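Me: I'm new to this one, so could you walk me through it? I'll ask as we go.

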Amino acid sequence: MGRPAVPPGLRPLIRRGPGLRARLTLLATGLVAAVSALLLWLGWLLVGNVVAGVPRLPPGGLVRVGEALVPAEQLGAALRASARHQVLTAGGAAFVAVVLAAAVLAWTVTGRVLRPLQEVTDSARRLSAESLDERIALGGPRDEVAELADTFDAMLDRLQAAFDSQRRFVANASHELRTPLAVIRTELDVTLSDPDADAEELRRMAEVLREAAARAERLVEALLLLARTDGAELAERERVDLHEVAVRARRGVEAEAQARSVRITCHGEPVFVLGDPALLERIAENLLENAVRHNVDGGWVEVVTTIAGRSALLRVSSSGPLIDPDQVDALFAPFRRAGVQRTARTGAGLGLSIVRAAVTAHGGRVTALPVEGGGLTVAVELPTF
């Protein structure tokens, strides 16, 4: 007969020796046996010494000890031997009974004590990516085992949140990548089905394909940046002026802002932080790009850098569409932007997600509040050194 099949995704269990219950039982039984043997030896020794102190009788007579007659001068030795024999006989029986009772009691008690651990183990074996909603929810006294079960449940909460976030992210990414690919395929099919397509038609198709490919490239680059940044450690740390970073980011969006008559003001003071220069520039660039692209024609953008307590503050405020305060936190999720769920054609929808991941990597925090009358204010707080 072959070995039983192992369910997919589970490794076969390998026994590395006696279980914890057996080891605790052996340990408790061994300790009881050692103590009982010590007590038996002490009793044997003390009885012998006490009996040896019997007064000596004059020689020449016989004394009955049990069923035997011994000379009077040997009475002490005979009594000591008899007493020690009785101690060994009775004590040996008691020793065996105590050790057996200790073994049974230890096996029973450790079984009850370790039962919650078995529940934790059984839950861990049942878990998979499709059953992360199960919890141990151990009741009873709040001892170390209950603390372990609660810690395990908390870990499952984090894992479930991570898996759900990953599923949503993959689904959104697949949807966004499908759009430029569908555009490319449609353009190719339409052009190839036209036998009279001239050079102008081919050039128009090439421009559409280039735009679709550029959008797909921007999306892939943003996905890779988010994957490298989210939950990662900083690759390097340098002294960076946050105000200078904001000024450079402003230059990068000035052309787009002028095309839409969006006024950008940037003021503040030099604020130095310790961090990754590339990520800090990406934070400022994404905030400015979002402020301009999700603005209204003729709107405004205000950039402020200052010190707030022990933190460096970069605040970007802008006009724009009205935003429900309850939907502000959702803007930091992938493929979200102000006013709609999906991103616009000019963006990948990952700007604020990348900002949050980069700020978290620097040990800071980012918050957002809607502007009265329409628009959004995003504040980034980074620790100073």
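Me: Let's start with two helices: is the crossing of α6 and α7 left-handed or right-handed?

Reply: First off, keep in mind that this is a predicted model. In it, α6 and α7, the latter being residues 351–361, pack with their axes 9 Å apart at an angle of about 150°. That makes α6 roughly antiparallel to α7. As for the hand of the crossing of α6 and α7, it's left-handed.

Me: Which residues of α7 make the contact with α6?

Reply: On the α6 side you'll find Leu-279, Arg-282, Ile-283, Asn-286, Leu-287 and Asn-290. By class, the contact of α6 with α7 has eight nonpolar, three polar and one charged residues. The α7 side is made of Gly-351, Leu-352, Ile-354, Val-355, Ala-358 and Val-359.

Me: How far apart in space are Leu-279 and Ile-354, C-alpha to C-alpha?

Reply: Leu-279 belongs to α6, and Ile-354 is one of the buried residues of α7. Leu-279 is buried too, because its relative accessible area is 12%, and the cut-off for buried is under 20%. In sequence the two are 75 residues apart, but in space, C-alpha to C-alpha, the figure is 9.2 Å.

Me: How many of the eleven residues of α7 are buried?

Reply: The buried ones include Ser-353, Ala-357 and Ala-361. Gly-351, Leu-352, Ile-354, Val-355, Ala-358 and Val-359 are buried as well, and these also make the contact with α6. α7 is largely enclosed by the rest of the structure, because the buried count is nine of the eleven.

Me: What comes after α7, a residue with a positive phi near 80°?

Reply: Look just past the end of α7, which covers residues 351–361. The residue there with a positive phi, near 80°, is Gly-363.

Me: Now for α5: at roughly what angle do the axes of α5 and α6 cross?

Reply: α5 spans residues 242–259 and α6 spans residues 277–293. The crossing of α5 past α6 is right-handed. Their axes come within 9 Å, and the crossing angle is roughly 30°. That makes α5 roughly parallel to α6, because angles under 35 degrees count that way, and the value you asked for is roughly 30°.

Me: How many charged residues are in the contact of α5 with α6?

Reply: Among the α5 residues taking part are Arg-248, Arg-250 and Glu-256, and they're joined on the α6 side by residues including Glu-281, Glu-285, Glu-289 and Arg-293. The contact also has nonpolar members such as Val-245 and Val-253 of α5, and Leu-280 and Leu-288 of α6. The split is nine nonpolar, no polar and, for charged, seven.

Me: On to the sheet: which strands stand at the edges?

Reply: The open sheet has five strands with mixed pairing, in the order β4-β6-β7-β9-β8. The edge strands each have a single partner strand, so one side of each is left without a neighbour in the sheet. From one strand to the next the twist averages 15°. The two at the edges are β4 and β8.

Me: What is the bridge partner of Gly-268 in β6?

Reply: β4 pairs with β6, residues 300–308, in the parallel sense over six bridges. β4 covers 263–268, so Gly-268 sits at its end. Its bridge partner in β6 is Thr-305.

Me: Which strands does α6 touch where it packs on the sheet?

Reply: α6 is the helix we met in the contacts with α5 and α7. Its direction makes about 20° with that of β7. The strands α6 touches are β4, β6, β7 and β9.

Me: How many bridges join β7 to β9?

Reply: β7 is residues 311–318, and the two strands run antiparallel. One bridge pair is Ser-318 with Leu-376 of β9. β9 is mostly covered, with six of its eight residues buried. The number of bridges joining β7 to β9 is eight.

Me: And in the hairpin of β8 and β9, which residue takes a positive phi near 95°?

Reply: β8, residues 365–370, pairs with β9, residues 376–383, in the antiparallel sense over six bridges. Arg-365 stands opposite Glu-381, and Ala-368 has Val-378 as its bridge partner. The hairpin has five residues between the strands, and the one with the positive phi is Gly-373.

Terms used: Residues are numbered from 1 along each chain as its sequence is written. This is a predicted model: local features need pLDDT of at least 70, side-chain atom pairs count only at pLDDT 80 or more; totals for chains, interfaces and linings use all residues. Side-chain values use heavy atoms; hydrogens and water are left out. Axes are lines fitted to C-alpha atoms, for helices over the stretch in contact, and angles run from 0 to 180 degrees between N-to-C directions. Helices (H or I, at least four residues) and strands (E, at least two) are DSSP runs, numbered from the N terminus. Angles under 35 degrees count as roughly parallel, over 145 as roughly antiparallel, 65 to 115 as roughly perpendicular and the rest as oblique. A crossing is left-handed if the near helix is turned anticlockwise from the far one by less than a right angle, and right-handed if clockwise. Contact means heavy atoms within 4.5 Å. Ala, Val, Leu, Ile, Met, Phe, Trp, Tyr, Cys and Pro count as nonpolar, Asp, Glu, Lys and Arg as charged, and the others, Gly among them, as polar. Two strands pair if DSSP finds at least two bridges between them. Buried means under 20% relative accessible area, exposed over 50%, partly exposed in between (1.4 Å probe, protein chains only).
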